[in-house]
Number of protein chains: 2
Amino acid sequence: MKIISYNLNGFRSAMGKGLADWVAETRPDVLCVQEIKAGREPLDVSALTGLGYHAYLHPAQKPGYSGVATFSLQKPLAVVEGCGQSCYDDEGRVLRLNFEHCSVLNTYMPSGTSGPERQAFKVEWLHFFRRYVRELQGAGVPPLVIAGDYNCCQEEIDIRNAKTNLNSPGFTPEERQWFRDFLADGFTDSFRHHHGPVPDRYSWWTFRAGARARNVGWRLDHLLVDNALVPHIRHADLLHDVVHSDHCPAVVELAF
Amino acid sequence: MKIISYNLNGFRSAMGKGLADWVAETRPDVLCVQEIKAGREPLDVSALTGLGYHAYLHPAQKPGYSGVATFSLQKPLAVVEGCGQSCYDDEGRVLRLNFEHCSVLNTYMPSGTSGPERQAFKVEWLHFFRRYVRELQGAGVPPLVIAGDYNCCQEEIDIRNAKTNLNSPGFTPEERQWFRDFLADGFTDSFRHHHGPVPDRYSWWTFRAGARARNVGWRLDHLLVDNALVPHIRHADLLHDVVHSDHCPAVVELAF
DNA sequence: CTTAGAACG
DNA sequence: CGTTCTAAG
């Protein structure tokens, strides 16, 4: 079961850069995309449904902003749109698909880079999300795969310029502690588990100043899996040469 | 004296398409541009001043909207920014440069295509402008050359689809009558005077549906000259193959 | 269809 | 730096 998480920075923009061809080649079982930046009307998913995918959308209320979508070759056993909290659901941040062996939760976590207000919103979200996932864990859903743009970097190895970003949104001590606590609730970072402490592996690069060419990046996109799924991990990676966005795709392969 | 009127649909956009090179080749004595769509700060006129031009700007208050500018090889004897009516001057619609033999009035007349409110504003403007020009005529300024985007078409010969546009803003009976009245106040349409009733000569084409390639256009950009200047007209034309904008330049050459 | 600004990232 | 929206044409 190949699961991909990919922040597209605009579904239509990514489609214009050949996303559908790449999906056809790569053929993930489940493709979780974030920042679709379009609602149901302006979105045309026919190029992906034409490849055999079932399409599930959770757009934001605000046009052109945020939003997640999940594409699945298999028809999921259940689909849950949103997290039940309108302040988050209005921004299109959570979409969950249940399968036989796992539940794939697609999330686009808030960015705090716009200012202190949004950073505060993000921190509230983080705590809400941890509680929300704990509830899911206790509710008998299949083991979770939490795919998404976390907008959070874990350790110094996950960011090129750790020293200069010690207080940057996405790498604050508070967020890094949150990440450790979240993992302690029973999750494993599939990329780090599979690769060990390899440096210089990122999933996002600012568009400015040729950051991607110089690999000045952050690892923000993660596929965290329930610890129970760890024995099933066959592969995990960041596809840094796939370029439809300022993020690159993250992939995990699970064998059941 | 070669005078050019050119609606640029964005000074910066036109510069990006090679406007400065074209000015260097064409070397008009006076270049009147409209819809500069930028204020003094975002505008960089150094490529034209570097060619020896004096630059005079009359931007709109609203960023990215309207605005005229005139570039002159000779230093004008006087420069008058605006028409003294704040509702028009706030939109950057009038800029006049006096020279020895003529006064070059650069104008960007309002468009009425946004809706009835703006069409009403345009009609008010037309009547105001006629009065304003009459005052200038009586005030001892040198004979006028009124260069600009009039957003008005005169006769059926000046528009490709006259029949379907009999009530379109820019070709309403009211505006066409205004044009005749304006000419009757002592002006000559230099293009029509020089070429006679040649059809299919336009200065604007919508960006939609390949209108320019099919020459589905309107003649909206005019160089009207005081009748006293008519004996000095040596040449007049519309430079339809000059493409930095949805308009093309209009040119008149006067010999003194 | 295109420009340019704003919001957001 | 780049996407999308909106206003305006």
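Three exercises on a predicted model follow, each with a worked solution.

**Exercise 1. Find which residues are the closest to DNA strand D, and which part of the strand the protein meets.**

Step 1. Count the surroundings: 18 residues surround DNA strand D. The closest are Lys17(A), Phe207(A), Lys62(B), Tyr65(B) and Ser114(B).
Step 2. Sort by class. The surface near the strand has 4 nonpolar, 7 polar and 7 charged residues.
Step 3. Turn to the strand. Of its atoms within 4 Å of the protein, 87% belong to sugar or phosphate, and the rest to bases.
Step 4. Look at phosphate oxygens. A polar side-chain atom of Arg12(A) lies 3.1 Å from one. Ser13(A) uses a backbone N or O atom, also at 3.1 Å. For Tyr65(B), a side-chain N or O atom is 2.8 Å from a phosphate oxygen.

**Exercise 2. Compare the reach of helix α5 of chain B with its expected span, then list what its buried residues pack against.**

Step 1. The helix covers residues 116–137, 22 in number. Its end-to-end C-alpha reach is 31 Å, close to the expected 32 Å.
Step 2. Pick out buried residues. Among them are Phe121(B), Trp125(B), Phe128(B), Phe129(B) and Tyr132(B).
Step 3. Find their partners in chain B: α4, β6, β7, β8, α6 and β9.

**Exercise 3. Decide how compact chain A is for its length.**

Step 1. Chain A has 7 helices and 14 strands.
Step 2. Its radius of gyration is 17 Å and the globule rule gives 18 Å for 256 residues, so chain A is as compact as a globular protein of that length.
Step 3. Add the extent: the C-alpha trace spans about 45 × 40 × 35 Å along its principal axes.
Step 4. Check burial: 57% of the 256 residues are buried.

Note on methods:
Residues are numbered from 1 along each chain as its sequence is written. Chains are lettered from A and ligands numbered from 1 in the order in which they are written. This is a predicted model: local features need pLDDT of at least 70, side-chain atom pairs count only at pLDDT 80 or more; totals for chains, interfaces and linings use all residues. Side-chain values use heavy atoms; hydrogens and water are left out. A residue is near a molecule or strand if one of its heavy atoms lies within 4 Å of it. A polar contact is a pair of N or O atoms within 3.5 Å; within protein, one must be able to donate a hydrogen and the other to accept it, and residues adjacent in sequence count only if both atoms are side-chain atoms. Ala, Val, Leu, Ile, Met, Phe, Trp, Tyr, Cys and Pro count as nonpolar, Asp, Glu, Lys and Arg as charged, and the others, Gly among them, as polar. Helices (H or I, at least four residues) and strands (E, at least two) are DSSP runs, numbered from the N terminus. The expected span of a helix is 1.5 Å times one less than its number of residues. Buried means under 20% relative accessible area, exposed over 50%, partly exposed in between (1.4 Å probe, protein chains only). Contact means heavy atoms within 4.5 Å. The radius of gyration is taken over C-alpha atoms; the globule rule is 2.2 Å times the number of residues to the power 0.38.
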